[in-house]
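Thanks for coming, everyone. Please look at the screen while I talk.

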Amino acid sequence: MFDEPGFPRDADLENSGITLETFVYCSRASEGVDDAEVDRIIEFSQRRNAARSITGMLVFGSGVFFQWVEGPPTEVKSLITSINGDSRHHDIVELDRSVDHRERLYPAWEMERVEADDIRTVLQDALESAEDKKNIAALTRILEHLGSEPFESLGES
Ligand SMILES: Cc1cc2nc3c(=O)[nH]c(=O)nc-3n(C[C@H](O)[C@H](O)[C@H](O)COP(=O)(O)O)c2cc1C
């Protein structure tokens, strides 16, 4: 599409994307938060995120959340405030937060629920198809984090 007549061409256009804020964290689900509650969070988020141009994925397993959020900085900042104040989880650990000019990693997911068993596969797939250097660096850091602390055992202590 970049070769279409009239499209602004730039020497550094490779993966130029748009300005996106990324927020990646894990947290512990509060007592009483079960699969049905997570489904409600997903249903709400898909509607709300579509309206705010936010995409990403949410993993829930062993009482632990892992979420990747990406979108316009103003919208993501506002969502982070909501997420940080949400009593359905606690012990929020920020794994990655950055503002970059890049392509979306999950352009088709308004907020996709991913099973805990699939998380490494999803991130490894994303890493294999990623061309953006910043995405590659962030994904590598997160995979290292998951590798050093097995995801399945995080909620069991
Ligand atoms: C683990 C977790 C993930 C969430 N993800 C989103 C999300 O992607 N988008 C969203 O709009 N709300 C999400 N929420 C809900 C927000 O925390 C909040 O309830 C919602 O955005 C409404 O916030 P507001 O009343 O400040 O507008 C999530 C909540 C939890 C506990």
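I will go through confidence, the overall layout, the sheet, the helices, the ligand and one loop residue.

Some ground rules. This is a predicted model, where local features need pLDDT of at least 70, side-chain atom pairs count only at pLDDT 80 or more, and totals for chains, interfaces and linings use all residues. Residues are numbered from 1 along each chain as its sequence is written.

Confidence comes before anything else. pLDDT is the predictor's confidence in each residue, from 0 to 100. The protein chain averages 83, and 83% of the residues score at least 70. Helix 2 has the highest confidence, at 98, and helix 4 (residues 133-148) the lowest, at a mean of 77. Now the ends. Residues 1-15 have a pLDDT below 50, and beyond near neighbours in sequence that stretch has 9 contacts in the model. Residues 150-157 are also below 50, with 15 contacts of that kind. A contact means two C-beta atoms, placed from the backbone, within 7 Å. Where pLDDT is low, the predicted coordinates should not be read in detail.

Next, the layout. The protein chain has 4 helices and 5 strands. Helices are DSSP runs of H or I with at least four residues, strands are runs of E with at least two, and both are numbered from the N terminus. The elements run β-α-β-β-α-β-β-α-α from the N terminus on. Of the 157 residues, 23% count as buried. Buried means 20 or more other C-beta atoms within 10 Å of a residue's own, exposed means 12 or fewer, and partly exposed is in between, with C-beta atoms placed from the backbone. Among contacts with a separation of 6 or more, 75% join residues 24 or more positions apart.

Now the sheet. In what order do the strands of this open sheet lie? The order is 4-1-3-2-5, with mixed pairing. Strand 4 (89-102) and strand 5 (112-115) stand at the edges with a single partner strand each, so one side of each has no neighbour in the sheet. From one strand to the next, the twist averages 15°. Two strands pair here if DSSP finds at least two bridges between them. Strands of a sheet pair through backbone hydrogen bonds, either parallel or antiparallel.

Let's walk across it. Strand 1 (residues 18-29) pairs with strand 4 in the antiparallel sense, over 11 bridges. Cysteine 26 stands opposite valine 93 in strand 4 there. Strand 1 also runs antiparallel to strand 3, with 8 bridges. Valine 24 has tryptophan 68 in strand 3 as its bridge partner. Strand 3 and strand 2 are antiparallel too, joined by 7 bridges. Valine 59 is matched with phenylalanine 66 in strand 3. These two strands form a hairpin with 2 residues between them, and serine 62 in the turn has a positive phi of about 50°. Strand 2 then meets strand 5 in parallel, through 4 bridges. Leucine 58 faces arginine 113 in strand 5.

How many residues of strand 3 are buried? The count is 8 of its 8 residues. In a regular strand the side chains alternate between the two faces of the sheet. Val64, Phe66, Trp68 and Glu70 point one way from strand 3, and Phe65, Gln67, Val69 and Gly71 the other way. Strand 2 is mostly covered as well, with 5 of its 7 residues buried.

On to the helices. Helix 1 lies across strand 2 (55-61), strand 3 and strand 5, at about 170° to strand 2. Helix 2 lies across strand 1, strand 3 and strand 4, at about 10° to strand 1. Axes are lines fitted to C-alpha atoms, for helices over the stretch in contact, and angles run from 0 to 180 degrees between N-to-C directions.

Which residues are closest to the ligand? They are Ser45, Arg48, Ser82, Asp86 and Arg88, out of 15 that surround the ligand. A residue is near a molecule if its C-beta atom, placed from the backbone, lies within 6 Å of it. Helix 1 (35-52), strand 3 (64-71) and helix 2 (73-84) each supply at least two residues of the shell. Helix 1 gives the most, with 4 residues. The shell divides into 7 nonpolar, 5 polar and 3 charged residues. Nonpolar covers Ala, Val, Leu, Ile, Met, Phe, Trp, Tyr, Cys and Pro; charged covers Asp, Glu, Lys and Arg; the others, Gly among them, are polar.

Last, the loop residue. Aspartate 132 is found between helix 3 (119-129) and helix 4. Aspartate 132 counts as partly exposed because it has 19 C-beta neighbours inside 10 Å. Its C-alpha atom is separated by 9.3 Å from that of leucine 105, 27 residues apart along the chain.
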